[in-house]
Amino acid sequence: MSHTQALASFLAELRYDDLPDYVLDRTEDLFLDWLGSALASEGARPIPLFEAYAQKMGPADGPARILVNGRGTSAYFAALVNGASSHLVEQDDLHNSSVLHPATVVFPAALAAAQDLGKSGRELLLASVAGYEAGIRIGEFLGRSHYRIFHTTATVGTLAAAVAVGKLLNFDKQQFVHLLGNAGTQAAGLWEFLRDAADSKQLHTAKAAADGLLAAYFTEQGLTGAQNILEGEQGMAAGMSSDANPSKLSDRLGSRWALAETSFKFHASCRHTHPAADALLGLMQREGLRHGDIKQVITHVHQGAIDVLGRVVVPQTVHQAKFSMGTVLGLIAVHGNAQLTEFENLSLTDADVAGFRDKVSMRLDPEVDGAYPARWLGRVEVVTTDGRTLRGAIDEPKGDPGNTLSRAELEDKFRRLLAFAGKRSDVEAGELIARVWRLRDTDDLSNIA
């Protein structure tokens, strides 16, 4: 049996009662985190463009909800807009070894389909777990080489979203094989947009969620897909990877719950900046340094960080600033935080942040690169204005499974995300939190947010 076949069998046979309590708890945690990210982008460019497209091309009403405006529409257009909105503020989750942001593609597709099909909270949770487990393993299978050119959340995300919807449709093993074929042949998303501060990253997640849903609905109607889209001679690995490892597709299925390995984001920036940000913050607190005491910062990083962050020299937009190592560390050094408000108000205009940005460089480090992507190590070297050389190190950035956010911290983050958008009160935030914590006992998902 091929690894693809083993994965398809696992997905078909997975039942709600198979899920450990800690996996269900973590899925609810991840859902709340995703929901906050989606609602935080209300009114922010380019999300209104996606809303306008859905209003023009989609139905006037429907069973699925667009989170940022509450409008009813079809499942396809709800997945499209919600996929775009939940990736904009760079606060959605990340799985380290697959370098995949699962929430922003899995939950938009799964929730939209669940609302369309009249499914329960338990069915939504099961489908979401299936999407995470498949997506993470497919990301690991495609390897580091894939991520150098392709945005894994866009490519692999299409398959992860499709699997979640396929689970809601109760697919059998053969249907899951066809589904992977129909989703995989649509997979796309290139990193080139970063050079131009373009808006395409939101198109990546929007299309991954919507096209995954499309693949599932077509497969249910009988549309056949490639039987070996992942491992085949002209499949995804052949065209998109030079270090694919098929065994990753079936890695400890049913005993390793990859979803539980997913990290939450603390800083509102590209995850590649977080290890260095935490290491620098820890060093400055330990040594009692202020930003003016620092002459130079060398961040010791993995190659993936250089590939993604190295494209941004002087950021032109707030979103691009989140992919600038110097800007992120400047916010950390000058203001002690790199949250949404700091990015919005200070990342492009604060002279001290800009000055600190110019002190920061990245250096490929064999230890850090060797650990990546399974571990994202933070290593910084600081030269002070009085001539000292100091070093800071962290092995698990804030939000990683070994340094995770508690439910209280997740609730606080959720409230901050909604406050940033300024569209919902703190009382409403509390009501939404309570709904999510009751998700497994919810039969009606039509007004979850």
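This is a short walk through one structure, starting with how the model was handled and then going from the cores out to the rings and loops.

So, what we have is a predicted model, where local features need pLDDT of at least 70 and side-chain atom pairs count only at pLDDT 80 or more, while totals for chains, interfaces and linings use all residues. Residues are numbered from 1 along each chain as its sequence is written, and side-chain values use heavy atoms, with hydrogens and water left out.

Okay, the record first. UniProt, in an unreviewed entry, lists residues 5–246 as "domain: MmgE/PrpD N-terminal"; positions are in the numbering used here, feature names are shortened, and annotations may be inferred rather than shown by experiment. In the model, residues 5–246 come out at 62% helix and 2% strand, with helices (H or I, at least four residues) and strands (E, at least two) taken as DSSP runs and numbered from the N terminus. The end C-alpha atoms of that stretch are 11 Å apart.

Now the packing. A nonpolar core here is a set of buried Ala, Val, Leu, Ile, Met, Phe, Trp, Tyr and Cys residues joined through side-chain atoms within 4.5 Å. Buried means under 20% relative accessible area, exposed means over 50%, and partly exposed is in between, with a 1.4 Å probe and protein chains only. Which residues touch the most other members of the largest core? Out of 90 residues, those are F31, I138 and L230. The largest share of this core, twelve residues, comes from α6. Apart from it there's another core, of 46 residues, with A279, I294, V301 and V382 among them.

Let's stay with F31. Leaving aside neighbours within four places in sequence, F31 is in contact (heavy atoms within 4.5 Å) with residues including F107, L111 and V436. F31 also forms one aromatic cluster with W34, F107 and Y132.

On to α5, which covers 103–117. 13 of its 15 residues are buried, so α5 is largely enclosed by the rest of the structure. Its expected span (1.5 Å times one less than the number of residues) is 21 Å, and the end C-alpha atoms sit 20 Å apart, which agrees. Right after α5 comes G118, with a positive phi near 70°.

On the other side, P102 is in the loop between α4 and α5, and at 0% relative accessibility it counts as buried. P102 touches Y132 and T262, among others. P102 and T262 are 160 residues apart in sequence, yet 8.5 Å apart C-alpha to C-alpha.

Rings next. There are eleven aromatic pairs, where rings of Phe, Tyr and Trp (its six-membered ring) pair if their centres lie within 6.5 Å; planes under 30 degrees apart are stacked, over 60 edge-to-face, and the rest tilted. Y53 and F77 have centres 6.0 Å apart and planes at 55°, so that pair is tilted. Y53 is in α3 and F77 in α4, so the pair ties together parts 24 residues apart in sequence. Y53 is partly exposed at 44%, whereas F77 is buried at 10%. Y76 and F77 sit at 5.3 Å and 85°, so they're edge-to-face.

For charges over rings (NZ of Lys or CZ of Arg within 6 Å of the ring centre and within 35 degrees of the ring normal), K322 sits over F343 at 5.5 Å, and R407 over W437 at 3.7 Å.

Last stop, H151. It's in the loop between α6 and α7, buried at 1%, and its contacts include H87, W191 and H204.
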